[in-house]
Every structure is written in structure tokens, then in C-alpha cells.
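Open the model in your viewer and keep the sequence beside it. The tour below goes stop by stop, saying what to select and what is found there.

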Amino acid sequence: MVVPTLGDPRRLETLIKALAAQTLDRGRWEWIVALDAPSLDAGLATRIAALGGVCVARSGGGPGAARNRGAETARGVWLAFTEDDCTPAPDWLERAAAAIAVAPEAQVIVGSTTKPGGRPVHHQRQDAPLYLPTNLFVQRELFARSGGYCEDFFDAASHVYFREDSDFGFTLEALGAVANAAPDVRVEHPDEHLGFWDPLRWARRHMMDPLLAARHPQRFRQSIEVHTLGPITIRRPIVRACVSFVVAVIAAAIASALGSLVLGAELAVVALAALLVVWAKWRFDPRRLLVVPVVPFLLVAALIQGTVRARRIMRRKK
């Protein structure tokens, strides 16, 4: 089992307790802590070692790079991935082992990751598996053949990371990997984006979207933030709303400056409608009103920066 971490004691304490409660015989699994930080609290290091955990050296390249370093250290036939803020069910590893035993043809086992209360982490089409590294099992030979997690989905200057899990999943699909869903292999992930500034962090990470689109154009279009309402398919509604808001605001300002006040007012209404769609992501929380109007501008800027970055990376890889 590989767990990337920055060494936050609050996150690791919960994970340590969950792993100590695992029902699978301790001799059948190993725990590798892939530290992506200068050091680890001495007390935590002692507790991890007492549970048979092994810490690997700092990678400094984000969670994808940390997972790769941890996978290099692993000795098992299967690699299990979770994250340091997750709480695996006590029978997590036992049920995963059972899922592997009954499906020898499987090369990937995708477990179920939920939020507190059993809510799904992501709403996704049922025919599109989520390769979330919160609850993922991959044959080590397949992991090596895939090249592991692409480490370009991390920006060292801003420490932004995103989409490395989707990229890894798309790479596995391109290799023809056999992936089985195992809904009874359960992990709980805490709610995200609860802090006041978190919507801005959420917007900033879309810098990685253009790279994913460049590496997997068809799968990006078919699988990333695709929602269905009956016969209607809606792709990336929040991103589209952000772009619409920015365009409408700029157009309204230009129209008003040129004396077209009626057109400016109409465009302002369009901008307001788009902003309501963005605000809906945070359930119309009134506390977000001061931050939400900034989100579209930051997201569009991130997409532009990401497009330039993706082109540079793709040219370098040719």
C-alpha cells in the first residue's frame, strides 16, 4: 500500500488508526509512506514503523511523483493506493483481496470512495470508472508498464496539482487494462473545499486541464465532468459557466463604455446567470459571495496559463 503525504499529523493520525484496525492478516500487506516533505514528525515516524510502515525519501514533485517513488519500493504483486486524509473501512484490504481472488483476470480494482454520510465523492457516469488514488488497486507489473503517474501534473512554482489520477486512468485504458469495480471495498474521504479561500484553489488547479486534454483528447471530452440530464449531455458546466461569465462581463463593460447601455444591461444579466451556475457548486452558500465572483477570472487565467504550459510540455516530449 502506497500513501503520499506532506506529513500533516492531523491527517496521518486518522489513517494510522484505520490501518491498525485492518482485518486482513498483517503479514499479507506492507505500508509505504511516500513523504513529499523535508521531514516527518518523530512520533508519527515511530508509530508508522510500529505498524510495519516504511518511509521513502522525499520526492519533492507532488503526489504523483511520491506515489511513483513508493511504488518503486513496493514488493507486492499488487499496489494499493489511498491518501493520508482518508479513512479506510476496517475490512478494506480484506475485501480488496477477496475481489482480486474471485477475478483473476482483473488488473485494476476500483474501490468505492464516499464522503461522510455515504455521499459519493464525484457524480460520474456509471460506465466510466473513476481511478481515484483514494481507493485504487493496480497490478505492479501493469503500473510499471504504464510508466506510473505522469509527474507533469504538478507545478513546482505554485504547488498546484490536479488530474494526475485521470491521466493515469486514461493511460491504463489505452493499454487495455481490465478494471473491475468493487463497491464493497470502501474508503471515506473528508469533505473538500470547506475553507473560505478554497474556491480559489479549486479554480487555480484547472491549470492542468489543457495538459490532460492534449495527452488524451478523446477521453478528456468523453469522461471529464460529463453530466447527463435524461437525453441531454452537459460537458463541464462549471467551467463553461466561468468562461461565459468572464466574456459577458468584459462585453458588458465594453458595450456600456461605448454608450450601448441596454446591451450592457442585457450582457450583465447573462453574466449574473452564469455566476449563479458557478455559485451552485457551493450550494449557494452566502459566505462564498465575496469569493465566487473571482473564481471565473482565476479559472480562465489558469486555463490560459495551462494551455501555454501544456504546449511547452508536449513539444518537449516529441
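In which helix do Arg69 and Glu72 both lie, and how many residues apart are they? Select the two: both are in helix H3, three residues apart, which is about one turn of the helix. Bear in mind from here on that this is a predicted model.

**Stop 1: a salt bridge inside one helix**

Show the side chains of Arg69 and Glu72. They meet in a salt bridge, at 3.4 Å from N to O. Arg69 is partly exposed because its relative accessible area is 27%, and the cut-offs for that class are 20% and 50%. Glu72, with a relative accessible area of 58%, is exposed. In the whole structure there are 25 salt bridges. Side chains of opposite charge can pair when their charged atoms come close.

**Stop 2: Arg67 and its two partners**

Stay in helix H3 and select Arg67, then add Glu164. These two form a salt bridge whose closest N and O atoms are 3.2 Å apart. The pair links distant parts of the chain, since Glu164 is in helix H6 (residues 164-174) and Arg67 in helix H3, 97 residues apart. Are Glu164 and Arg67 buried or exposed? Glu164 counts as buried at 5% relative accessibility, and Arg67 is buried as well, with a relative accessible area of 1%.

Next, add Glu83, found in the loop between strand E4 (78-81) and strand E5 (87-88). Its side chain is joined to that of Arg67 by a polar contact of 3.0 Å. Glu83 counts as buried, at 17% relative accessibility. Leaving out residues up to four places away in sequence, Glu83 touches Val3, Leu15, Arg67, Pro133, Thr134 and His189.

**Stop 3: Arg75 and Glu30**

Select Arg75 and Glu30. This is another salt bridge, with the closest N and O atoms 3.0 Å apart. It too links distant parts of the chain: Arg75 sits in the loop between helix H3 (62-73) and E4, Glu30 in the loop between H1 and E2, and 45 residues separate them. Which of the two partners is buried, and which is exposed? Arg75 counts as exposed, at 66% relative accessibility, whereas Glu30 counts as buried, at 17%.

**Stop 4: a network of charges**

Now select Asp91, Arg95, Asp184 and Arg186. Salt bridges that share partners join these four into one network.

**Stop 5: the largest nonpolar core**

Select Met1, Leu19, Trp29, Trp31, Trp92, Ile109 and Phe137. Of the 30 residues in the largest nonpolar core, these touch the most other members. At least two residues of this core come from each of helix H1 (9-20), strand E2 (31-35), helix H2 (42-50), helix H4 (92-102) and strand E10 (179-188). H4 gives the most, with five residues. In soluble globular proteins, nonpolar side chains tend to be buried together.

Centre the view on Met1. What is Met1 in contact with, leaving aside its neighbours within four places in sequence? The list is Leu19, Trp29, Glu30, Trp31, Ile32, Ala80, Thr82 and Trp92. Glu30, from the salt bridge with Arg75, is thus on the list of Met1 contacts too.

Apart from the largest core lies another, of 22 residues; to find it, select Leu200, Ala271, Leu275 and Trp282, which are among them.

**Stop 6: a nonpolar patch on the surface**

Switch to a surface display and select Phe196, Trp197 and Leu290. They form a nonpolar patch on the surface, with about 380 Å² of accessible area together. Phe196 belongs to the loop between E10 and helix H7 (198-204), and is partly exposed, with a relative accessible area of 36%.

**Stop 7: two residues with positive phi**

Most residues other than glycine have a negative phi. Select Arg236, which has a positive phi of about 50° although it is not a glycine. Arg236 is placed in the loop between strand E12 (232-235) and helix H10 (237-257). It is buried, with a relative accessible area of 16%.

End at Arg283, where phi is again positive, near 55°. Its place is in the loop between helix H11 (261-280) and helix H12 (295-317). Arg283 counts as exposed, at 70% relative accessibility, whereas Arg236 is buried.

Terms used:
Residues numbered from 1 in each chain as written. Predicted model: local features only at pLDDT ≥ 70, side-chain atom pairs only at ≥ 80, totals over all residues. Heavy atoms only, no water. Core = buried A, V, L, I, M, F, W, Y, C linked by side-chain atoms within 4.5 Å. Buried < 20%, exposed > 50% of the residue type's maximum accessible area, 1.4 Å probe, protein only. Helix = DSSP H or I, 4+ residues; strand = E, 2+ residues; numbered from the N terminus. Contact = heavy atoms within 4.5 Å. Patch = residues over 30% accessible without salt bridge, like charges linked within 9 Å, V, L, I, M, F, W, Y side chains within 5 Å. Areas by Shrake-Rupley, 256 points an atom, 1.4 Å probe, with all protein chains shown as cover. Polar contact = N/O pair within 3.5 Å; in protein donor to acceptor, adjacent residues only side chain to side chain.
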